[in-house]
Amino acid sequence: MAKNTSLYFRIVEGRNLPAKDVSGTSDPYCIVKVDNEVVARTATIWKNLNPFWGEEYTLHLPMGFHTLTFYVMDEDTISHDDVIGKISLSKEVLANQSKGLDNWLNLTRVDPDEEVQGEIHVALELHKDAQTTCLHCHIIEARDLAPRDITGTSDPFTRILYKKLSAETSVIKKTRFPHWDETLDLCLDDADEFELGSITLEVWDWDMVGKNDFLGKVEIPMSCLHRTPLLQGWFRLLPLGNSEDDAGLEKDNHCRERKSDTKREREGKLGALRLKVRLAEDRILPSLCYQPLVDLLMEAVVSPAEFSFCQVEDLTPLTLLEEVTTVESRQDIAMTLVKIYLGQGLVVPFLDYLNTREVHHTTDPNTLFRSNSLASKAMEQFMKVAGMIYLHEVLKPIINRIFEEKKYIELDPCKIDLNRCRRISFKGSTSEAEVRESSVGMLQMYLTNIIEAIVNSVSQCPLAMRMVFKQLHKRVEEQFPEPENEALQSVGNLGLQLGHGKEQWMAPLHPIILCSVASIKDFLDKLIDVDHDAVCEVPQRAVYAPSVTVKEGFLQKHKPEGPQLLKRFAFKKRYFWLSSETLSYAKTPEWQTRSSVAIQSVCAVERVDENAFQVQNVMQVVTQDPEGQLHTMYLQCKNVNELNQWLSAIRKASIYNEHMLSSFHPGAHHGNKWTCCLQSDRTALGCSRTHSAVTLGDWSDPLDPDAEAQTIYKELLQGKDKLRKQYLERQEIQAPEQKETVVEPSMPSDKVGESIEHSERFRAVVSRLLDVVVDLECAHTSFQQKEKEEASSLILP
């Protein structure tokens, strides 16, 4: 049984942030870390103490995590960015929020002693004889320590403490991955007391000037060594906390400072963030367990092409699912269902079924798809999944050009900034009329280009989307055949709406929009002009063809081969394309000759430490050739968000590769040693764990039928009691003769029989669905019990 962990978070806004600039404002942005790994950076909101971001992310974390931390920073173009404060949420806190967290949270100060990370590998053993007891502590190595020096590294050493006894290892210079391989001995003389207390292992960064910096600690109860004479393994480093070694005035001052800081934080002196965070952890059963549920879902849509009203009104697992789905969860359920039916090759009949029900239950055509129904949410999610690549193909070139040209455009008289115009144009003063005239011209050109790209894109639109649109058009036409309902879309009456809005300054664009109405309507007509039989050609498993480019763009590339030194200027600009088969690159997008790396050969995709090249946002793609030799390609991205996107995209493409590495070197090998662990052997095993399964969730995620079925099962499990009471228990309470009295007296006998038959059919559908849910519940219980038994049979340190 596999474990699946997903973490969704949305950084909504901030309020009452402190001013960090001399102007009395700040330029805030947020950095998000999962266990000290940067996973996202928001945009910078300039000169604002109450910023709004509205950015959201989803992470897939198969290996789990400990802490999610949000840092609010003040961007400074001259010196280092200032830290305003942070919010840390442990996995345990998030797990206890069954519906997720949605709240304002006060920022707390950033204490260096709390900013620890990494693990230490040690072996502890007690040796006893008649006179003494000796503690042997083998300090082997550490990994992923926090950087404390300006070079992005540390000079770590380890100290072991037990009561008044202590010993230290040597200092390893300039590394976050030290290898000590040293044994420290403590002779315990108090035979009557040594069973009490804890052994403390502290890791410090040695400094020649000033005091040493704390890197983390591990506390091991002495009682553990009596149960397990040899205790060996990797231990996570923890913050300093309240150390018993702090003494006298220093300790008192420290405590007073911490209390004062805590009070200020409670009062929100550092400001606050509004966050939405939701943790979802699932145990995924084998595929065979979910097949009965998938079969039931398929039955609802596997029917003749023409729906009758009775069929639409029938009770099915889909309608039951909609009944128990909450408004909050409906969007996730809709996305999951879209992926399930895409995987089964039935997404077109699935959406036709939901849309037919939606249309039949709508009396006013102007309210079609205005509710938060399963049909409206499913259409929305289907457009994202099936249409995102189409959207990028059609509009991305134009959008990119708009951003690259960086033209100042503003029509609202209240928002025109003449200072900004002068700064960009360098032509002296500019009047508001000149700004508006220039803005109108640029907007008209951009809008014309966008409309032309859309109306000429019929052949690029995915077949599945065109089939869904055609079916939807047909259902609406059947339900609302009146001539006055011929144009249900607002585009049909667009000419009557223009000029009556509040934004009168947009009037110069009205002529272009009016001229485009006919071409847009013609585009929509052509879009649904597709053969109905073509639906059979929609692929059953893959949403995209293997050769489709899922990500592309410029990166700085360096492939270290040979003895040359790795300098910053050694990175060369190249254009990259990623598909499910290859990662290829060339000098420019138009370059005909491309070099490529087979995705099948990828065995690690990881970040690179900043000190390896003295540059930021570098990643590495490690591949293995047929002879088993490893090769590394280093790629530099423009910013941390682009880095995370490329990491995630390549990891998803290679996630099912065999022979993935379990460890890697986060540094580079030059100067005859690895910059991370200082080992000289180029082929030495990696000094840090790989994270190849950690990915960002988005519309291009591969289909995962078991995880999708598990999501549907969880929703049905929460609603099973409601379904049982509504459809089974309520009728079972009634006596047979009472059941007949429910029927209207004037109802014809054939209608009475039909009603009873209808009710029995409903009961049968509900019973089958609940039986499947109960079987899955039993399967989960069985697997969990088996896991507990296996865990209890192991001797854990």
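**A colleague's note on the predicted model**

1. Let's start with the sheet: five strands form an open sheet in the order E7-E16-E1-E4-E28, with antiparallel pairing. Its edge strands, each pairing on one side only, are E7 (101–106) and E28 (695–696). Strands here are DSSP runs (E, at least two residues), numbered from the N terminus, and two of them pair if DSSP finds at least two bridges between them.

2. A word on provenance: this is a predicted model, where local features need pLDDT of at least 70 and side-chain atom pairs count only at pLDDT 80 or more, while totals for chains, interfaces and linings use all residues. Residues are numbered from 1 along each chain as its sequence is written, and side-chain values use heavy atoms, leaving out hydrogens and water.

3. Back to E28: strand E4 (residues 52–60) pairs with E28 in the antiparallel sense over two bridges. His60 has Thr695 as its bridge partner in E28.

4. Now the interior. The largest nonpolar core (buried Ala, Val, Leu, Ile, Met, Phe, Trp, Tyr and Cys joined through side-chain atoms within 4.5 Å; buried means under 20% relative accessible area, 1.4 Å probe, protein chains only) has 75 residues, and Leu318, Leu337, Tyr341, Phe350, Phe382 and Ile712 touch the most other members. Helix H9 (residues 374–405; helices are DSSP runs of H or I, at least four residues) gives the largest share of this core, eleven residues.

5. Which residues does Phe350 touch, not counting those up to four places away in sequence? They are Val301, Leu318, Leu337, Val338, Tyr341 and Ala378, with contact meaning heavy atoms within 4.5 Å.

6. For the whole protein chain, 43% of the 797 residues count as buried.

Conventions
Buried < 20%, exposed > 50% of the residue type's maximum accessible area, 1.4 Å probe, protein only.
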